[in-house]
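Reader: Can you walk me through this one? I'd like to start with the overall shape.

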Amino acid sequence: MYRWKKKIAPYLFVLPNLIIFSIFIVFPALFGFYVSFTEWDVLTSPEFIGLGNFIKLFQSADFWAILSRTLIYVFSVVPITFGLSMVLAIILDRNIKAKGFFRAIFYLPTMLSFIVIGVSWRWILGNNFGILNYLLDLAGMAPVNWLTNSTTATIMVIFASVWARVGYFMVMFIAGLQGIPGVYYEAAEIDGASKWQQFRHITFPLLKPTSLVVVVLSTIQAFKMFGLIKVMTTGGPGDSTTYLVQEIYQQAFQVGDMGYASAMSVMLFLILGLLTIVQFKVSNRGGNAYE
Amino acid sequence: MNNKIKNILWYTILLLFSLIFVLPIIWIFISSLKTSNEIFSWPPTILPNNVTFSNYITAFSKGNFITYFKNSIFVAVAATALTLLINSMAGYALAKFDFKGNKLIFFLFIATLMIPLQVIMVPIFIVLRNLGLYNSLWGIIIPPAATPTGVFLVRQYMTTIPDEVLESARIDGASEWRIFSMIILPLSKPVLTALTIFSFMWRWNDFLWPFVVLSNESKYTIQVAIANFVGQFSVDWNSLLAMNIVAMIPVLLVFLFFQRYFVKGIAMSGMKM
């Protein structure tokens with residue numbers, strides 16, 4: 001009797017999650033893929049146009065401009081986040097005083113929503129009322145139009161993105177560091193290895209699994225950034241901080257071109273998938289660190 | 001001696017650097033306590049001349065700020081309850097039963113970690129509309145509840161519970177649901193606590209999903225309300241800064257009381273690949 005129940009039970013247990021998951025993730029993913037091959041303004045029914053949206057996409061100068069902007073943003077945010085979170089983790093993994101306090105401080109922004117963070121930086125960076133320009137003034141420097149100049153706006157959006165989540169990845173690295181046995185360092189110390197050599201030959205190789213997770217997750221996170229930019233710069237000035245996700249949102253919900261927006265979503269998915277594969281490949285190339 | 005100087009230098013650098021992380025939040029708080037004249041005065045005052053809570057009072061009395069706050073609480077609490085229930089059930093099935101489809105379902109859950117909402121927001125919107133969940137709070141509670149991260153965390157934790165515990169309960173004639181609710185759940189308290197905290201924080205801070213799903217102002221969550229506030233041409237900074245602080249408070253409280261679970265939770269999710 002209980003054998004039979006044991007057979008059927010797992011399906012019942014997994015069912016609620018699976019149903020919601022299928023309706024709201026699996027089905028939309030497939031449906032979105034289909035929509036990318038149609039012309040659709042939501043009001044009428046979708047009309048199949050084959051690769052039409054993709055051709056339009058590839059021929060659009062706007063799309064290429066947005067894509068390259070997005071890549072500049074992502075490839076700025078990810079390495080800075082990666083390096084900074086690793087350095088902070090290495091410093092705060094050592095037996096220093098008040099390390100719990102410092103960890104908490106660097107983790108603090110991770111608790112806040114991107115909306116709250118975007119609004120906060122917009123207030124700090126205001127041209128005529130922002131505290132940062134006041135500090136520049138005190139230092140005898142000219143004020144900067146932080147968010148109304150396209151170069152500085154891009155830099156500040158990158159800065160705020162790193163600021164927002166570097167603490168999360170720092171905690172991940174700390175967890176990774178705690179998995180490295182202390183005897184390795186003791187042995188290296190006896191052999192007279194310098195701190196840099198220890199980092200180069202022990203810490204960095206043994207952190208490889210954590211590094212991979214950090215790079216993959218921070219890349220996905222950077223590609224999907226939406227809220228922070230919406231409140232900090234609204235994609236401006238002009239469209240200098242408008243990235244792929246902002247453009248998808250605009251095409252879908254403001255222009256109403258669901259097919260075109262879906263084609264861009266498919267592109268975003270392909271880029272993410274491709275980058276993840278590359279990241280895994282690069283990380284595996286050096287062989288297993290434990291071997 | 002040389003070491004001591006080096007140490008002091010390191011601490012100074014660390015301290016200065018940590019200021020970058022904490023001062024902005026403090027500055028927002030200080031600004032929110034200033035009057036509407038003082039807030040734009042130049043040179044800016046560092047500390048408020050007269051501490052006033054009028055911005056908070058205005059923010060709460062104007063518009064529907066109390067409604068937004070209630071909506072946010074309702075969404076975060078309901079979504080967290082639902083997440084805990086269905087994720088722990090699914091995680092249990094995947095961890096402790098060897099059934100046909102186990103591997104496939106697990107793979108499916110994990111694979112979609114790669115599909116952020118940003119990629120499927122267009123079709124999601126259409127699905128929600130057809131189900132009558134557009135502009136409904138349930139439309140932002142139900143879909144994200146089946147989070148793959150949650151299922152993964154729970155599953156990894158529950159695989160460490162020995163099978164003998166379950167088998168002996170089965171021999172004693174306990175029903176499967178009883179085993180789950182009376183034995184498995186109490187044993188999984190650490191991971192469930194971590195998931196509760198994370199889920200609450202995720203849902204409280206959620207923006208894109210509510211932004212796409214909610215159209216009626218009376219349904220807005222705090223995050224959507226703040227974002228729309230900024231969208232207007234002249235930003236009412238006084239109310240906005242007060243709102244911003246209020247939106248921080250619940251998550252900061254959670255952080256204060258459950259700090260150690262964050263480290264644990266991130267460490268656990270860091271092992272996911």
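Author: Chain A has a radius of gyration of 24 Å, but a compact globule of 291 residues would have one near 19 Å. The radius is taken over C-alpha atoms, and the globule rule is 2.2 Å times the number of residues to the power 0.38. This is a predicted model, where local features need pLDDT of at least 70, side-chain atom pairs count only at pLDDT 80 or more, and totals for chains, interfaces and linings use all residues. Residues are numbered from 1 along each chain as its sequence is written, with chains lettered from A and ligands numbered from 1 in the order in which they are written.

Reader: What box do the C-alpha atoms of chain A fill?

Author: Roughly 80 × 75 × 35 Å, along the principal axes.

Reader: ok, how many helices and strands in chain A?

Author: There are 13 helices and two strands. These are DSSP runs, numbered from the N terminus: H or I of at least four residues for helices, E of at least two for strands.

Reader: Switching topic. How many residues does the contact take from each chain?

Author: Chain A gives 69 residues and chain B gives 65 residues. Two residues are in contact if their C-beta atoms, placed from the backbone, lie within 7 Å.

Reader: Which helix gives the largest share on the side of chain A?

Author: Helix α1 (residues 2-35) of chain A, with 21 residues on the side that touches chain B.

Reader: And what does F173(A) touch?

Author: Leaving out residues up to four places away in sequence, F173(A) touches S85(A), M86(A), A89(A), L207(A), T210(A) and V214(A).
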